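Got the viewer open? Let's take a walk through this one together, one selection at a time.

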Amino acid sequence: MQHLKLNPNLLDVPLYIAGKPIEEVQEEYGLTEVVKLASNENPLGLSPLALSAFQVALRDAHRYPAMGDRNLRCKLATLYNAQYDTTLTQANFMTGNGIGDILRMIAEAFLFDGGETVYSSPTFPLYRILTTQFGGNCIPVPHKHYHHDLDAMLDAITPDTRLVILCNPNNPTGTLISRDHVDEFMARVPPHVVVVFDESYYELVEDPHYSNAVAYIQQGRDQVLLLRGFSKVHGMANLRLGYALGTPAMIEYLHHAQIVFNTGDPVFYAAMAALDDHAHIARVRELIATEKHYLYEGFSELDLTFIPTAANFILLVDLPRPAQFIYEELLKRGVIVRVPAGFGLPDALRVTIGTHTQNEMFLRALQDVLHNNHTEQQA
Ligand SMILES: Cc1ncc(COP(=O)(O)O)c(C=O)c1O
């Protein structure tokens, strides 16, 4: 490599560390039963309607993607207009290979000659990774009791700020920014800043005070982008699909950063079927809502401190043993969770809410790690 001219921005990029795959843990520890509660995946999987729509669309796998993208965007516009009483059209939507890909387009579109991205810390590491990749400057703003500190974020804005990213609910804390706080923030944010709402988990939010970024877009505010996707409630994490909602002018501009044919029609048709499978969505929401409380009780019995969540994962803080030790001991017992070090919290654990059986297995393993001295035998 020494004769090649390398991009210094890329050399500075911290690599994303994903949750450990099940097969790797099985191999490493010689286990047959392993549960993965590390990547906020949907424990009930893909909607059966989405699976069959995907399979039908595979018949055209030899062709380039055709109408799937437009059809999905039209469907989203209809659904949003019914839900939010808006007048959106397909021109308000843009799709990508997951919200991660949309974030990449936004970074490319706005951080081209430096510029700053303001985000809360801890939060989803991709904001930092993409900002660095595209030569921007990261401005992390410390959290306030695990919530976004919106006043401090406003104070962090300078003439060089291009993006402010609000992760709502925030990964890895699971905390929510309320509608009142967002409204106050939006009243004060200067017009040269793009405000990105990352709402990867929005379908799981039960709080009626959840913010409504759609309203700003309906009002024609070009500086607002709302990101939602299909990886969580819709169980399509492996199919890679997300979308941005913005004014037609903003969406048109972002199309310049889009890679042509970036998503295949089978994925679009699976997404359309997933949106129609109300029973599956309700099952997922119900499971997470119930199991969240089961885990809260389990944590309280173990005297552990957790942050109440608005999403499908829970953050454990102020742990009685080092997070890395608990993580490794859980691995030996066939449970994969996450130490959110790359998110800015090396002393915490984040666990994804699974099925009841998976959660039971996790709590049993956790109790064993914290209260029994079996570590030598297990190792
Ligand atoms: C806050 C947040 N944003 C974006 C993503 C990436 O989503 P996608 O799978 O749609 O790329 C995740 C995934 O965990 C996330 O937690």
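How do H4 and H11 lie relative to each other, roughly parallel or roughly perpendicular? Before you decide, keep in mind that you are looking at a predicted model. Now select residues 68-84 for helix H4 and residues 265-276 for helix H11. Their axes come within 8 Å and cross at roughly 20 degrees. Angles under 35 degrees count as roughly parallel, so H4 and H11 are roughly parallel to each other. For the handedness, H4 passes H11 in a left-handed crossing.

**Stop 1: the big sheet**

Next, switch to a cartoon view and look for an open sheet formed by 7 strands. Reading across, the order is E2-E8-E7-E6-E5-E3-E4, and the pairing is mixed. To find the borders, select strand E2 at 93-96 and then E4: these are the edge strands, and each pairs on one side only. Turn the view to follow the twist, which averages 25 degrees from one strand to the next.

Zoom in on the E4 border. Select residues 116-121 for strand E3 and residues 137-142 for strand E4; the two run parallel and are joined by 6 bridges. Want to see one facing pair? Pick Thr 117, which stands opposite Cys 138 in E4. Now trace the chain from E3 through helix H6, residues 126-133, to E4: this β-α-β crossover is right-handed.

Move along to another pair in this sheet. Strand E5 takes up residues 161-167 and strand E6 residues 194-198, and they pair in the parallel sense over 5 bridges. Here the facing pair to click on is Leu 166, opposite Phe 197 in E6. While you have strands on screen, here's a handy thing to remember: in a regular strand the side chains alternate between the two faces of the sheet.

**Stop 2: loops with odd geometry**

Which residue does a cis peptide bond join to Pro 122? Select Ser 121 together with Pro 122 and you have the bond, with omega of about 5 degrees. Pro 122 sits in the loop between E3 and H6, so you can find this spot by following the chain out of the E3 end you were just looking at. A cis peptide bond also joins Asn 171 and Pro 172, with omega of about 20 degrees. To get there, select the loop between E5 and helix H8 (179-188), where Pro 172 lies.

One more loop residue deserves a click: Tyr 146. It has a positive phi of about 70 degrees although it is not a glycine. Look for Tyr 146 in the loop between E4 and helix H7 (150-155).

**Stop 3: around the ligand**

Which residues come nearest to the ligand? Of the 13 residues around it, those are Gly 98, Ile 99, Gly 100, Gly 229 and Ser 231. Color helix H5, residues 98-110, as well: H5 gives the most to the shell around the ligand, with 3 residues. If you color the shell by residue type, you should get 4 nonpolar, 8 polar and 1 charged.

**Stop 4: the small sheet**

Now select E9, E10 and E12, which form an open sheet of 3 strands in the order E9-E10-E12, with antiparallel pairing. Strand E9 (305-307) and strand E12 (349-352) are the edges, each pairing on one side only. On average, neighbouring strands of this sheet are turned by 30 degrees against each other, direction ignored.

Add residues 313-317 for strand E10, and you can look at the 3 bridges that join E9 to E10, running antiparallel. One residue to label is Thr 305, whose bridge partner in E10 is Val 317.

**Stop 5: packed helices**

Two packed helices are described by the angle between their axes and the distance between the axes. Try that on helix H12, residues 278-301, and helix H14, residues 356-371: they pack at an angle of about 15 degrees, with their axes 10 Å apart. H12 and H14 are therefore roughly parallel to each other, and their crossing is right-handed.

Keep H14 selected and add helix H13, residues 323-332. H13 and H14 pack at an angle of about 125 degrees, with their axes 10 Å apart. That makes H13 oblique to H14. H13 passes H14 in a right-handed crossing, and that is the last stop on the tour.

Key:
Residues numbered from 1 in each chain as written. Predicted model: local features only at pLDDT ≥ 70, side-chain atom pairs only at ≥ 80, totals over all residues. Near = placed C-beta within 6 Å. Helix = DSSP H or I, 4+ residues; strand = E, 2+ residues; numbered from the N terminus. Nonpolar A, V, L, I, M, F, W, Y, C, P; charged D, E, K, R; others polar. Pairing = 2+ DSSP bridges. Right-handed = clockwise from strand over helix to strand, strands pointing away. Axes fitted to C-alpha atoms, helices over the stretch in contact; angles between N-to-C directions. Parallel < 35°, antiparallel > 145°, perpendicular 65-115°, else oblique. Left-handed = near helix turned anticlockwise from the far one by under 90°.
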